[in-house]
Amino acid sequence: MWTRRGFCYPSVKGAPPAKRRRISPNSGSDLFETLPDDLVISILTKLSSSASSPSHLFNAFLTCKRFNNLGADPEVLANASAKSLQVRAKSWSKSAQDFLDRCTNAGNVEACYLLGMIHFYCLRNYASGADLLARAALSNHPTALYSLAVIHFNGSGRPYCHRDPSTGAALCAKSAALGNIDALREVGYCLQDGLGLPFCPSAAHRLLIKANAIELITKKKRSVPQHNYKHRKGYCCRLNMDMSSNVHQANRFMVEWWGLAGKKAENEDGLNMCSHALCGRRETRRHEFRRCAVCAVVAYCSRACQAMHWKMEHRTRCRPAQDPADVVGAGPEGA
């Protein structure tokens with residue numbers, strides 16, 4: 001008969017019970033140590049590619065000494081998911097930077113882009129940041145191509161005379177072909193303004209309509225019930241949440257980084273943030289970003305950020321500037 005412990009006793013009365021087979025407590029670990037390294041690395045590679053947060057990945061590495069050693073294998077780091085690289089600005093440290101460096105050296109394209117944006121806009125290491133972004137762009141990373149285009153449009157990290165609209169437009173066109181909506185919208189504005197591309201209002205109109213249609217379809221696919229939204233002062237929170245779901249983690253990092261720096265960083269050098277609250281880019285020199293041609297109060301790193309901020313908030317707040325001198329050098333508003 002079977003007992004609660006699962007032992008089977010004989011039905012014959014008086015017969016001795018069957019002896020339970022004892023398993024050595026160290027036999028399991030011995031069997032694990034006999035597994036080849038290639039098999040363990042393949043398991044860790046699948047784990048890193050599906051990790052939903054950095055803590056999930058590091059908890060797996062801390063399971064045992066062998067996992068910790070083999071977790072540093074280039075194949076594991078090269079396939080680490082974007083979610084496993086979501087480093088917070090408030091948790092930024094030398095160890096976090098070393099981890100992203102190892103992922104970058106292993107060939108992780110997402111780590112190249114994230115670390116490049118941090119170096120360029122947060123740490124102000126313009127040369128190393130641009131090099132990392134270029135490495136990601138060579139691997140056809142759509143957002144890296146668009147970010148490099150913004151740098152060329154503004155001449156970021158260099159004097160004003162180094163602005164290169166033609167290269168920026170070409171990078172935007174390639175990024176748009178890979179599915180980046182902001183780049184598609186930027187190409188439309190380049191055609192509309194004749195900036196880096198031939199002036200063609202009809203083609204610009206078609207591209208802008210296409211970008212708005214793709215954005216609308218994307219928002220409908222990830223629609224959230226109305227009761228889950230909370231209203232904040234100065235923002236339409238529902239629209240903000242729709243937009244934020246398509247924001248890259250590099251932008252979230254920069255927003256948090258400069259939010260922690262506060263007014264102190266702004267007062268030190270007088271550099272402005274992009275007025276689109278979900279962008280996070282900051283000027284690398286004074287008056288780098290174009291201002292609104294109507295109110296001259298807000299500044300943007302790109303026409304795409306202008307258009308997004310206009311939909312989110314600025315259309316209800318934009319008022320003509322009282323002093324005409326305030327709009328000198330301001331760009332047109334991307335309504």
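Colleague: What makes the meeting of the aspartate 182 and arginine 185 side chains a salt bridge?

Modeller: A salt bridge needs a side-chain nitrogen of Lys or Arg within 4 Å of a carboxyl oxygen of Asp or Glu. Here the N to O distance is 3.8 Å, so the pair meets the 4 Å rule. Do keep in mind that this is a predicted model, where local features need pLDDT of at least 70, side-chain atom pairs count only at pLDDT 80 or more, and totals for chains, interfaces and linings use all residues. Residues are numbered from 1 along each chain as its sequence is written, and side-chain values use heavy atoms, with hydrogens and water left out.

Colleague: Why are aspartate 182 and arginine 185 separated by about one helical turn?

Modeller: They sit three residues apart in helix H11, residues 181-193. Helices here are DSSP runs (H or I, at least four residues; strands are E, at least two), numbered from the N terminus. An α-helix has 3.6 residues a turn, so residues three or four places apart point the same way.

Colleague: Why is arginine 185 called buried, and what is aspartate 182 called?

Modeller: Buried means under 20% relative accessible area, exposed over 50%, and partly exposed in between (1.4 Å probe, protein chains only). Arginine 185 has 1%, so it counts as buried. Aspartate 182, at 31%, is partly exposed. Both belong to a salt-bridge network that also links Glu215 and Lys311.

Colleague: How many salt bridges does the rule give, and which residue pairs with arginine 66?

Modeller: The count comes to eight. Arginine 66 pairs with aspartate 37, their closest N and O atoms being 2.6 Å apart. Arginine 66 is in helix H4 (residues 65-70) and aspartate 37 in helix H2 (residues 37-49), so the bridge ties together parts 29 residues apart in sequence. By accessibility, arginine 66 is buried at 11%, while aspartate 37 is partly exposed at 40%.

Colleague: What makes arginine 303 and aspartate 193 a salt bridge?

Modeller: Their closest N and O atoms are 2.6 Å apart. Arginine 303 lies in helix H16 (residues 303-312) and aspartate 193 in H11, so this pair ties together parts 110 residues apart in sequence. Arginine 303 is buried, with 5%, and aspartate 193 is partly exposed, with 36%.

Colleague: Let's turn to H7. Why is H7 said to be largely enclosed by the rest of the structure?

Modeller: Of its 14 residues, 13 are buried, so the surrounding structure encloses most of it. One residue in H7 is phenylalanine 120, which is buried at 3% relative accessible area. Using contact in the sense of heavy atoms within 4.5 Å, phenylalanine 120 touches residues beyond four places in sequence, including Tyr126, Ile151 and Thr284.

Colleague: How do you know that the span of H7 is close to what is expected?

Modeller: The expected span is 1.5 Å times one less than the number of residues. For H7 (residues 109-122) that is 20 Å, and the distance from its first C-alpha to its last is 19 Å. At its start, a side-chain oxygen of asparagine 108 comes within 3.1 Å of the backbone nitrogen of glutamate 110. After H7 comes arginine 124, with a positive phi near 60°.

Colleague: Which residues have the most contacts inside the largest nonpolar core?

Modeller: They are Leu85, Trp92 and Leu100, in a core of 71 residues. H7 supplies the largest share of this core, 10 residues. A nonpolar core is a set of buried Ala, Val, Leu, Ile, Met, Phe, Trp, Tyr and Cys residues joined through side-chain atoms within 4.5 Å. Beyond four places in sequence, leucine 85 touches Phe99, Cys103 and Leu114, among others.

Colleague: Why is leucine 208 called buried?

Modeller: Its relative accessible area is 14%, so it falls in the buried class. Leucine 208 is found in helix H12 (residues 201-221), and among its contacts are Arg185 and Tyr189.

Colleague: Where does pLDDT stay under 50?

Modeller: One such stretch is residues 1-7, with seven contacts beyond four places in sequence. Another is residues 325-335, where pLDDT is below 50 and the model has 34 contacts beyond near neighbours. pLDDT is the predictor's confidence in each residue, from 0 to 100. Where it is low, the predicted coordinates should not be read in detail. Across the protein chain the mean is 81, and 77% of residues reach 70 or more.

Notes. A polar contact is a pair of N or O atoms within 3.5 Å; within protein, one must be able to donate a hydrogen and the other to accept it, and residues adjacent in sequence count only if both atoms are side-chain atoms.
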